[in-house]
Amino acid sequence: MNTENTGKPSRRPSLLQNWMSLTGLVVVIGGLFVFVLLFVLDALAHFSNPYISIFTWMVTPVVFVFGFILVLIGVVRSRHKRVGSSSMVSAVQIDLSRPRDRRIMVTFVVSSLVFILLAAVGSYNAFNFSESVQFCGETCHGVMKPELTTHDHGPHARVACAACHVGSGVNWFVRSKLAGSYQIYSVLFNKYPRPIATPIKNLRPARETCEECHWPQKFSGNLDRTFNYFQSDASNSPYSIRLSIKIGGADPAHGPVGGIHWHMMVGNQVEYIATDAARQKIPWVRTTDSQGVVTVFHEPKFTNEISKYEIRKMDCMDCHNRPSHRYVAPDRAVNQAMELGKIDRTIPWIKTNAVYVLTRKYDNDKQAHDGIATALSQRYPNDPRIHEVIPAVQEIYRDNFFPEMKASWSAYPDNLGHMIWPGCFRCHDGQHKTDDKKLSIKANDCNSCHTILAQGAGEEMNKLLPTGQKFNHPGGDYDITCTDCHTGGP
Ligand code: HEC
Ligand code: HEC
Ligand code: HEC
Ligand code: HEC
Ligand code: HEC
Ligand code: HEC
């Protein structure tokens, strides 16, 4: 390898020619290799995710720097030796005819290859792991517990967090890296808000997330759904309503256009202004149809302030804002447990009391667990049936209340419906009219978005009326704004 053995004068060997620097170089190359590999994997992935950035941008540079330091130490040491003795002993001299050199060489080459191979396999696995639901939901366990729990109980339990929160595309790739790194920082330094605020500012538009799986043109027809309730009286009187929900469709090429998904009609556009961060107050709406006809609806008082606000184009998330994380309201959760027989509906006032104990203030899960048990046992000291009710109520709490993160139904409005959050009635409330007051966004007609097929209890539920019935409110006369009285809580 080196001409020195021949005794002839030779080029001075590089200071890098020592085992330590060579090892350092291998580490540097390995680090670079892993970096490029992760970067490419992430860029090619259908759905990438922000957390891979920990590996790409935080771990590989450390490996890099480590390798570099090894190289430097090697260089410094061999310089030192070179200065100390004028001979060239410090330089690595490999003579493959010597068995010792051959052994060292083989060991060096093999271990370098193994190192790079392991780095590749390791980083590929790290990549896959960071894509997974466990990583997103469990790594930051306390912080993401509410979202993970509700995700696992929702219709999208099998859809990875990254599929909705990150998605693909270069622009969003970079943005989500930045957001992801910020999220890691805020968890490490305990800077995150409780509850985590929504709507999420940098959530990708529905077109690039939901529509990767759901075809917006699909004609969905009607959805027949029965809602079962128990009232807050001594006998927990049952009441049900069966609705045929007119989901409809949005593309004339694939079925009739109309119904609820009309808002998403191809060639059509619905835009709005929300005056609050949670998008619960919508005083101004503008529609543009496929012919370009523009109609503006607004609340009477909202006229000249348009330029002050951002105009948002309506998309799937304006109605389906909780597709994955549904914190069930205690009122509904108790109804369901009673319907399933987990809570004995023959226990007097059990509906009222179960909702009551769920909505007391608790600081943590343990306190809630004990508090629920104590309060219910005290209310029904002589009723052994309560022993089966307690675990059911505790389970409702565990699944839907997260005191550490202050997350529960009351922290997150659900826009799909109108009973405990304004939802559809943010616009369909009879207050949104054109300037000449001739047109208004449809409201009041209880059979326009859904048909009330049946309502009541027992036999009444078998009397179906396909054209729709007039609503019989169980509490007597009512006002259109259901949310004035119905809060989902006590
Ligand atoms: C089906 C799509 C979907 C999936 C899957 C999904 N999310 Fe979400 N997530 C959303 C939407 C939509 C919002 C609410 C956005 C809004 O209101 O602006 C949200 C909100 C959040 C929030 C804000 C707090 C909150 O509760 O609203 C966090 C944190 C979150 N998701 C984490 C996760 C984690 C962790 C997972 C995986 C365990 C996950 N998400 C899976 C769609 C999804
Ligand atoms: C990776 C694919 C995927 C993505 C992304 C996705 N969904 Fe879904 N979604 C599904 C699947 C699969 C189901 C059917 C679940 C079932 O019926 O068991 C579903 C079901 C639904 C349902 C019916 C829920 C119910 O209560 O029955 C709605 C509404 C929905 N998705 C809306 C959304 C919205 C809004 C988004 C965007 C935030 C979204 N989805 C993103 C795959 C996806
Ligand atoms: C104006 C509000 C609104 C908008 C906007 C909207 N939806 Fe819906 N969607 C509904 C309602 C209401 C239902 C029926 C009730 C339910 O599923 O709880 C529904 C039902 C669905 C279902 C279930 C259909 C079934 O057969 O069970 C899917 C999937 C869905 N929507 C996807 C989407 C997607 C994707 C978008 C965006 C392109 C979208 N929706 C936009 C209100 C809306
Ligand atoms: C941002 C405001 C807004 C929200 C929120 C909203 N809508 Fe609409 N909706 C409109 C406007 C504007 C029209 C068109 C005017 C009209 O027909 O009254 C419309 C029309 C409709 C129509 C009639 C479609 C047709 O065939 O002509 C239905 C049904 C409907 N909406 C249902 C709903 C439901 C259900 C929700 C809640 C899940 C909802 N809307 C939420 C603004 C809104
Ligand atoms: C703008 C469209 C629209 C109008 C108008 C409307 N609803 Fe609804 N309603 C909905 C939607 C959407 C849902 C939710 C369906 C779901 O959760 O799957 C709903 C749900 C309900 C429910 C079940 C509530 C629950 O979540 O437990 C009742 C009861 C109901 N509506 C009664 C009425 C009555 C009474 C009127 C007339 C005052 C009315 N609706 C008018 C769209 C409408
Ligand atoms: C003025 C207050 C008020 C308004 C407004 C109101 N409700 Fe109620 N509602 C009640 C009371 C009180 C009861 C009886 C509650 C009980 O005993 O649990 C009730 C009961 C119900 C029930 C039977 C199930 C249950 O939870 O007890 C349904 C369903 C219902 N209301 C739907 C609606 C809808 C939909 C609207 C809006 C269109 C509405 N309510 C508006 C006060 C109101």
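1. Let's start with the iron atom of ligand 5. The iron site is octahedral, with six donor atoms and angles among them of 85 to 179°. From the protein, His418 and His450 coordinate this iron, each through NE2, at 1.9 to 2.0 Å. Look where these two histidines sit along the chain: they are 32 residues apart and link distant parts of it. His418 is in the loop between helix H13 (386–400) and strand S7 (450–456), while His450 belongs to strand S7. Keep in mind as you read on that this is a predicted model.

2. Are those two histidines buried or exposed? For His450, the relative accessible area is 16%, so this residue is buried, the cut-off being under 20%. His418 has 24% relative accessibility and therefore counts as partly exposed.

3. Now step back to the wider surroundings of ligand 5. The ligand has 21 residues around it, and the closest are Tyr229, His418, Cys446, Cys449 and His450. You can sort the shell by type: 12 of its residues are nonpolar, six polar and three charged. If you'd like to trace it by strand, both strand S1 (222–230) and strand S2 give the shell at least two residues each.

4. Some polar contacts of ligand 5 deserve a click in your viewer. The side chain of Tyr229 has an N or O atom 2.6 Å from an oxygen atom of the ligand. Arg225 also reaches an oxygen atom of ligand 5, with a polar side-chain atom at 2.8 Å. His418 turns up again here: an N or O atom of its side chain is 2.8 Å from a nitrogen atom of ligand 5.

5. Next, the iron atom of ligand 4. Which residues are its protein donors? They are His263 and His428, both using NE2 and lying 1.9 to 2.0 Å from the iron. Here too the pair ties together distant parts of the chain, this time 165 residues apart. His263 is in the loop between strand S2 (238–246) and strand S3 (269–273), and His428 is in the loop between H13 and S7. Both His263 and His428 are buried.

6. Why is the site of ligand 4 called octahedral? Because its six donor atoms subtend angles of 85 to 178° around the iron atom. The label requires opposite donors to be over 155 degrees apart and all other angles to lie between 65 and 115.

7. On to ligand 6, which has 16 residues around it. Ser232, His473, Cys482, Cys485 and His486 come nearest. The shell contains nine nonpolar residues, six polar ones and one charged one.

8. What does ligand 6 touch through polar atoms? Among its partners is Ser232, where a polar backbone atom is 2.8 Å from an oxygen atom of the ligand. Two histidines use their side chains instead: His473 has an N or O atom 2.7 Å from a nitrogen atom of ligand 6, and His486 has a polar atom 2.8 Å from a nitrogen atom of the ligand.

9. Finally, two backbone oddities to check. Arg279 isn't a glycine, yet its phi is positive, at about 60°. Arg279 lies in the loop between S3 and strand S4 (284–288), and its relative accessible area of 24% makes it partly exposed. Lys406 also has a positive phi, near 50°, without being a glycine. You'll find Lys406 in the loop between H13 and S7. With 54% relative accessibility, Lys406 counts as exposed.

Key
Residues numbered from 1 in each chain as written. Chains lettered and ligands numbered in written order. Predicted model: local features only at pLDDT ≥ 70, side-chain atom pairs only at ≥ 80, totals over all residues. Heavy atoms only, no water. Near = heavy atom within 4 Å. Polar contact = N/O pair within 3.5 Å; in protein donor to acceptor, adjacent residues only side chain to side chain. Nonpolar A, V, L, I, M, F, W, Y, C, P; charged D, E, K, R; others polar. Donors = N, O, S within 2.8 Å, 3.2 Å for Na, K, Ca; no water. Tetrahedral: all angles 85-135°; square planar, octahedral: opposite > 155°, others 65-115°. Helix = DSSP H or I, 4+ residues; strand = E, 2+ residues; numbered from the N terminus. Buried < 20%, exposed > 50% of the residue type's maximum accessible area, 1.4 Å probe, protein only.
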